[in-house]
Amino acid sequence: MFYEPDVFDNNPRICKTPKAGEKVVRIENGPGKRPYIAGGDSKRWYWNTDFKAEPGEIYLLPHELAGGEQSKGKILIEPYVKDTSYSQNKEWPHWKEFVRLAKKTEIGDKLIQFDYESKEKLVQGVKTKKFRSALINLANVDMVITVDGALHHAAAAMNIPCVTLWGGLINPLILGYENQVNIWHDVESCGSKGKCSHCHEAMRNITPEEVLNAALALRRAQVDQATQNALNG
Ligand SMILES: [Zn+2]
């Protein structure tokens with residue numbers, strides 16, 4: 001998924017340039033070698049239903065984190081998916097309506113998104129040059145709302161509260177995390193590599209209200225917690 005090796009910077013468990021005689025374990029996890037894929041053909045993947053994602057590890061240094069100040073206290077939404085047909089099976093068609101409804105609530109002025117030059121900005125944009133600078137902004141936000149993908153994995157690794165939307169491609173029992181709010185209607189996971197109407201329907205069936213309610217519940221729990229912490233000194 002990541003062709004940007006600096007996502008592993010400062011990770012004490014990762015060795016980028018092994019020296020002669022040094023003990024290292026090589027882990028192959030990339031396209032064609034994913035532990036959650038049991039098999040597949042040209043049309044679909046078969047998921048390894050015994051696999052359960054565990055949060056990864058991302059190490060950002062204090063001076064790096066300071067570079068994401070602009071995102072402090074914000075709520076990051078990711079309305080866009082990659083251009084591949086299977087990624088588009090995860091596209092949620094209700095982002096605009098979600099933003100319209102959210103703007104009437106207490107989270108309305110907190111919404112941000114990454115700025116992609118070619119794509120419409122639904123809320124305030126944040127420019128990021130590389131995935132690591134996206135991570136630095138992610139580390140500063142109070143919440144992320146996204147479909148499953150790089151961001152929900154990164155949020156899990158950094159313990160950033162995340163509302164993750166799941167349709168029909170794969171499901172949170174395999175790639176989800178218990179410390180996230182997973183919105184999934186128990187749809188069968190088809191693993192389709194091509195454009196799939198079942199997947200598109202599954203995403204369409206997740207309503208803007210449902211996502212907004214999840215985000216508001218999470219937000220209110222955060223505010224309560226902050227108030228509690230302040231009272232406890
Ligand atoms: Zn499908």
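In this predicted model, helix 3 and helix 8 are oblique to each other, because an angle that is neither roughly parallel, roughly antiparallel nor roughly perpendicular is placed in that class. The axes of helix 3, which covers residues 95–102, and helix 8, which covers residues 208–231, come within 9 Å and cross at roughly 50°. The crossing of these two helices is right-handed. On the side of helix 3, the residues that take part in the meeting are Glu 97, Phe 98, Leu 101 and Ala 102, and on the side of helix 8 they are Pro 208, Glu 209, Val 211 and Leu 212. Sorted by class, this contact has 6 nonpolar residues and 2 charged residues, with no polar ones.

Glu 210 also lies in helix 8. Is Glu 210 buried, exposed or partly exposed? With 16 other C-beta atoms within 10 Å, Glu 210 is partly exposed, since a residue counts as buried from 20 such atoms upward and as exposed at 12 or fewer. Although Glu 210 and Ile 183 are 27 residues apart along the chain, their C-alpha atoms are separated by 8.4 Å.

**Two helices and their buried residues**

Helix 5 runs over residues 150–157, and 6 of its 8 residues are buried, so this helix is largely enclosed by the rest of the structure. The buried residues are Leu 151, His 152, His 153, Ala 154, Ala 155 and Ala 156. Which elements help to cover the buried residues of helix 5? Among them are helix 4 (131–140), strand 6 (143–147) and strand 7 (162–165).

Helix 7, which spans residues 197–204, has Cys 199, Ala 202 and Met 203 as its buried residues. When one looks down the axis of helix 7, these buried residues fall within an arc of 95°, and they therefore line one face of the helix. The face turned away from that buried side carries Ser 197 and Glu 201, which are exposed.

**Residues in the loops**

Most residues other than glycine have a negative phi. Against that background, Asn 159 can be singled out, as a residue that is not a glycine and yet has a positive phi of about 60°. Asn 159 comes just after helix 5, in the loop between helix 5 and strand 7. Asp 186 is a second case, with a positive phi near 60° in a residue other than glycine. The loop that holds Asp 186 lies between strand 8 (181–183) and helix 7.

Asp 115 belongs to the loop between strand 4 (111–114) and strand 5 (124–126). Leaving aside its neighbours within four places in sequence, Asp 115 is in contact with Lys 121, Gly 125, Val 126 and Lys 127. The C-alpha atom of Asp 115 is separated by 27 Å from that of Ala 202, a residue 87 places away along the chain, and Ala 202 is one of the buried residues of helix 7.

The table below gives the neighbour counts for these loop residues.

| Residue | C-beta neighbours inside 10 Å | Class |
|---|---|---|
| Asp 115 | 12 neighbours inside 10 Å | exposed |
| Asn 159 | 11 neighbours inside 10 Å | exposed |
| Asp 186 | 8 neighbours inside 10 Å | exposed |

Why does Asp 115 count as exposed? Asp 115 has 12 C-beta neighbours inside 10 Å, and a residue is classed as exposed if it has 12 or fewer, so Asp 115 falls in that class.

Note on methods. Residues numbered from 1 in each chain as written. Predicted model: local features only at pLDDT ≥ 70, side-chain atom pairs only at ≥ 80, totals over all residues. Axes fitted to C-alpha atoms, helices over the stretch in contact; angles between N-to-C directions. Helix = DSSP H or I, 4+ residues; strand = E, 2+ residues; numbered from the N terminus. Parallel < 35°, antiparallel > 145°, perpendicular 65-115°, else oblique. Left-handed = near helix turned anticlockwise from the far one by under 90°. Contact = placed C-beta atoms within 7 Å. Nonpolar A, V, L, I, M, F, W, Y, C, P; charged D, E, K, R; others polar. Arc of directions from axis to C-beta.
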